[in-house]
Amino acid sequence: VQAIALVPALLAIFQFVTGTGSVNNGAMRASGTLAHENSAAMLFALANLATFALLLDSHRRRWLHAGLLAVFLGAQVATGSIGGLVAAVVMILTYLSSAAVRRADRTILSLLGVALAVYAATTSQVGAQRLAEYSSSNTEETSFAWRIQAWGHVLDFWRANPVWGNGIGSTSSPTVLGGSIPHNEYVRLLAELGLVGLGAVLVLGAL
């Protein structure tokens, strides 16, 4: 996981520092080598979880894992993805509550570290700009309001072929959301794979 995420993470940090990422509602967001910032954020969340677990469990190469954790956290912040940040926090908290972590001191220190990372991410420039999108008094321009409208368009698209869907990748068509993505995997799977495909994914996920 670390090897797969390292190059995208370094590129995301470079994009953010040099201002060569994409600008969304005034916020500079980086995607690394991935197609979208949200996808990159989920990859970095997995990398943060894997590196965090290795940092706690490994007696060797701790400085290496600490350095990689700093890189992946920086890349996570550079994406400006609130969903990705929430996913990373949930992953780490789930890991801390599992049997893999048995020492109270490690759990307490880790929770403090998670709290510090969340504070740093939400108070950073890109974090503050993204949060402002959700708290804006003009609801027509908020990111959340756009998502609600987008999901409605995708659901209208799904109703044309509700059982089998419209095909993989069809929600990215310019005729659906102008080439954008739905920002909701369940709605996307429903429109692309239909009730049968979404049901199969949910069953496999539960298993």
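Trainee: How much space lies in the largest pocket?

Mentor: In this predicted model, about 570 Å³ of space lies in the largest pocket. Its lining has 22 residues, and those nearest the centre are Asn38, Met42, His183, Asn184 and Glu185. Helices H2, H4, H6 (125-135), H7 (143-158) and H9 (185-206) each give two or more residues to that lining.

Trainee: What makes up the lining of the largest pocket, by class?

Mentor: Seven of the lining residues are nonpolar, nine are polar and six are charged.

Trainee: How do you know that the span of helix H3 agrees with its number of residues?

Mentor: H3 runs over residues 62-79, and because each residue should add 1.5 Å, its 18 residues should span 26 Å; the end C-alpha atoms are 26 Å apart, which agrees. Just after H3, Gly80 takes a positive phi of about 65 degrees.

Trainee: Why are His65 and Phe72 of H3 called buried?

Mentor: Buried means under 20% relative accessible area, and His65 and Phe72 are among the residues of H3 that are buried, as are Leu68, Leu69 and Val71. What covers the buried residues of H3 includes helix H1 (2-18), strand S2 (27-29), helix H2 (37-57) and helix H4 (82-96).

Trainee: Which residues of the largest nonpolar core touch the most other members?

Mentor: Of its 13 residues, these are Ala5, Ala9, Ala12, Phe44, Phe72 and Ala75. H1, H2 and H3 each supply at least two residues of this core, and H3 gives the most, with five.

Trainee: Which residues does Phe44 contact, leaving aside neighbours within four places in sequence?

Mentor: Phe44 is in contact with Ala5, Pro8, Ala9, Ala12, Phe72, Ala75, Gln76 and Thr79.

Terms used: Residues numbered from 1 in each chain as written. Predicted model: local features only at pLDDT ≥ 70, side-chain atom pairs only at ≥ 80, totals over all residues. Heavy atoms only, no water. Helix = DSSP H or I, 4+ residues; strand = E, 2+ residues; numbered from the N terminus. Expected span 1.5 Å × (residues − 1). Buried < 20%, exposed > 50% of the residue type's maximum accessible area, 1.4 Å probe, protein only. Contact = heavy atoms within 4.5 Å. 1 Å grid on protein atoms, 1.4 Å probe; cavity = no way out; pocket = protein on both sides within 12 Å on 5 of 7 lines; lining within 4 Å. Points joined across faces, edges and corners; volume = space filled by probe spheres on them. Nonpolar A, V, L, I, M, F, W, Y, C, P; charged D, E, K, R; others polar. Core = buried A, V, L, I, M, F, W, Y, C linked by side-chain atoms within 4.5 Å.
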